[in-house]
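Subject: Structure handover

Hi,

Here is the structure I promised you. Please open it next to this email; my notes follow below it.

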Amino acid sequence: PKRSLCSENNSDFVMPADRRSVDLRALDAAFHDGKYHHENLVKKVRVMVIGATGHVGLEVVRRLSREQQTFDIEVAVRDIGKAKTIFPGVPVSYVYFDFDDPSSFDKALRGVDRIFWVMKESNQAYSQAMAFIPALAASSVEHVVYTSVMLAGQNTLRLCRFHFQIEQTIKKAGVRTTILRCANFMQLFAGYSVGIEDSIRQSRICPVPLGENAHPFVDIRDVAEVAAKVLSPSWKASSASAHEHLTLTGPVALTGTNIAAIISMFVSPPVTYFDTPEQAYHDTLFARGYDEETSTAHMEWKAFVKSGKANIVSDDVVKVLGRKARPFELFANDHSYLWK
């Protein structure tokens with residue numbers, strides 16, 4: 001039997017103080033005609049994505065777009081025309097936003113509830129973030145999710161110092177923050193423009209500066225799922241603090257030899273691991289458009305990883321998603337076409 005919206009048993013319906021203000025018969029008819037859906041009763045969470053056209057931001061937009069009943073996605077970019085070619089058919093809105101143009105801040109932030117933020121590493125990043133904070137503090141934003149690097153704030157490495165400074169800067173806005181401190185991404189081997197994918201495909205050499213130490217590479221898709229989870233209204237932080245930190249890693253730490261062996265399960269002839277000298281890695285980054293400071297910071301980080309000091313496996317992905325992080329075998333299976 002049909003269930004009336006004005007039935008006493010319908011706990012979802014709240015009678016307004018003035019019963020004359022609602023045409024119950026019209027409302028009831030619209031409900032049963034399929035024109036009135038429950039999701040329309042719930043305000044969507046408007047999420048502004050900063051860094052949406054990068055590897056992490058792109059995956060986060062894709063993940064959020066699967067939950068259209070929950071999220072209203074705003075892609076904040078300098079070049080809206082270019083961004084529209086990256087997200088064809090994806091249900092997002094676009095807004096002009098440029099860290100070097102403070103006049104863009106207020107309009108971009110208007111009506112935003114939450115922000116997912118990936119900061120491009122550069123010499124100007126800290127001053128850009130500082131310039132943005134007053135507008136963020138004065139906005140309607142309640143929660144910022146920022147993608148950082150594992151061990152930020154726990155050592156003096158340039159890359160860790162850079163992200164820790166941004167973390168602390170965001171906290172000055174007085175909003176709730178969730179910091180995603182990530183291990184190196186599995187996508188380093190497929191998709192990133194650092195030459196590793198090309199070398200695997202063309203020479204069957206996997207060139208990474210890891211030595212024989214292991215690192216718990218994490219799949220960007222897991223980072224995106226965690227981001228979507230903590231951005232949702234239903235997320236309950238594991239701490240009562242307004243500032244939450246999650247360390248995101250893969251399920252196990254792998255050496256370069258392990259990784260080459262796994263990739264070899266999906267391509268032929270097999271792949272051989274090559275321990276790239278740190279300076280050669282720096283030169284590759286610089287040649288591909290990274291500035292000197294950023295190239296040096298990444299070279300320093302890779303030397304740290306090579307020392308074995310970043311061999312730390314976290315279970316925070318399990319805590320948030322209720323499942324294990326994706327293993328490298330699954331990543332390799334899904335991306336093997338890029339190496340063939």
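Let me start with a single residue. R204 is buried, because its relative accessible area is 12%, and under 20% counts as buried. R204 sits in the loop between α7 and β7. Its backbone is worth a look: R204 is not a glycine, yet its phi is positive, at about 60 degrees.

Keep in mind that this is a predicted model.

**The chain as a whole**

The chain has 340 residues, and 50% of them are buried. Its secondary structure comes to 13 helices and 9 strands. Take the contacts in the chain with a separation of 6 or more: residues 24 or more positions apart account for 75% of them.

**The sheet**

In what order do the strands of the open sheet run? The order is β3-β2-β1-β4-β5-β6-β8, 7 strands with parallel pairing. At the edges are β3 (92–96) and β8 (243–248), and each of these pairs on one side only. From one strand to the next, the twist averages 20 degrees.

One pairing in detail: β2 (residues 71–77) and β3 are parallel over 5 bridges. I73 has V92 in β3 as its bridge partner.

**Helix α2**

Helix α2 covers residues 55–65. It lies across β1, β2, β3, β4 and β5. Relative to β2, α2 runs at about 155 degrees. Is α2 enclosed or open? Of its 11 residues, 9 are buried, so α2 is largely enclosed by the rest of the structure. The buried set is V56, G57, L58, E59, V60, V61, R63, L64 and S65. Note that E59 and R63 are in that set.

**Helix α5**

Helix α5 spans residues 125–137. What span should its 13 residues give? At 1.5 Å a residue, the expected figure is 18 Å. The end C-alpha atoms of α5 are 18 Å apart, which agrees.

α5 does bend, by about 25 degrees, at A131. A proline, P134, follows within four residues.

The buried residues of α5 are A125, Q128, A129, F132, I133, A135 and L136. An α-helix has 3.6 residues a turn, so residues three or four places apart point the same way. You can follow that spacing in the buried set, for example from A125 to Q128 and A129. What covers these buried residues? The cover includes β1 (45–50), α4 (105–109), β4 (114–117), β5 (143–149) and α6 (158–171).

**Loops and single residues**

*N184.* This residue is found in the loop between β6 (176–182) and α7 (196–203). N184 is buried, with a relative accessible area of 12%. Its side chain makes a polar contact of 2.9 Å with the side chain of W301. Setting aside neighbours within four places in sequence, N184 is in contact with H215, F217, V218, W301, K302 and V305.

*E212.* Is E212 buried or exposed? E212 is exposed: its relative accessible area is 55%, and the cut-off is over 50%. E212 is placed in the loop between β7 (205–207) and α8 (220–231). Beyond its neighbours within four places in sequence, E212 is in contact with T255, T257 and Y273. The side chains of E212 and T257 are joined by a polar contact of 3.5 Å. E212 and N258 are 46 residues apart along the chain, but their C-alpha atoms are separated by 9.6 Å.

*D316.* This residue lies in helix α12 (residues 316–321). D316 is buried, at a relative accessible area of 12%. Not counting residues up to four places away in sequence, D316 touches H245, L246, T247 and L248. Those four fall within the edge strand β8 (243–248).

**Backbone points to check by eye**

- L151 has a positive phi, near 75 degrees, and is a residue other than glycine. L151 lies in the loop between β5 and α6. At 12% relative accessibility, L151 counts as buried.
- The peptide bond from S268 to P269 is cis, with omega near 0 degrees. P269 is placed in the loop between α9 (256–264) and β9 (272–274).

Best wishes

Notes:
Residues numbered from 1 in each chain as written. Predicted model: local features only at pLDDT ≥ 70, side-chain atom pairs only at ≥ 80, totals over all residues. Heavy atoms only, no water. Helix = DSSP H or I, 4+ residues; strand = E, 2+ residues; numbered from the N terminus. Expected span 1.5 Å × (residues − 1). Bend = angle between axes of the 7 residues up to and from the residue. Buried < 20%, exposed > 50% of the residue type's maximum accessible area, 1.4 Å probe, protein only. Contact = heavy atoms within 4.5 Å. Polar contact = N/O pair within 3.5 Å; in protein donor to acceptor, adjacent residues only side chain to side chain. Pairing = 2+ DSSP bridges. Axes fitted to C-alpha atoms, helices over the stretch in contact; angles between N-to-C directions.
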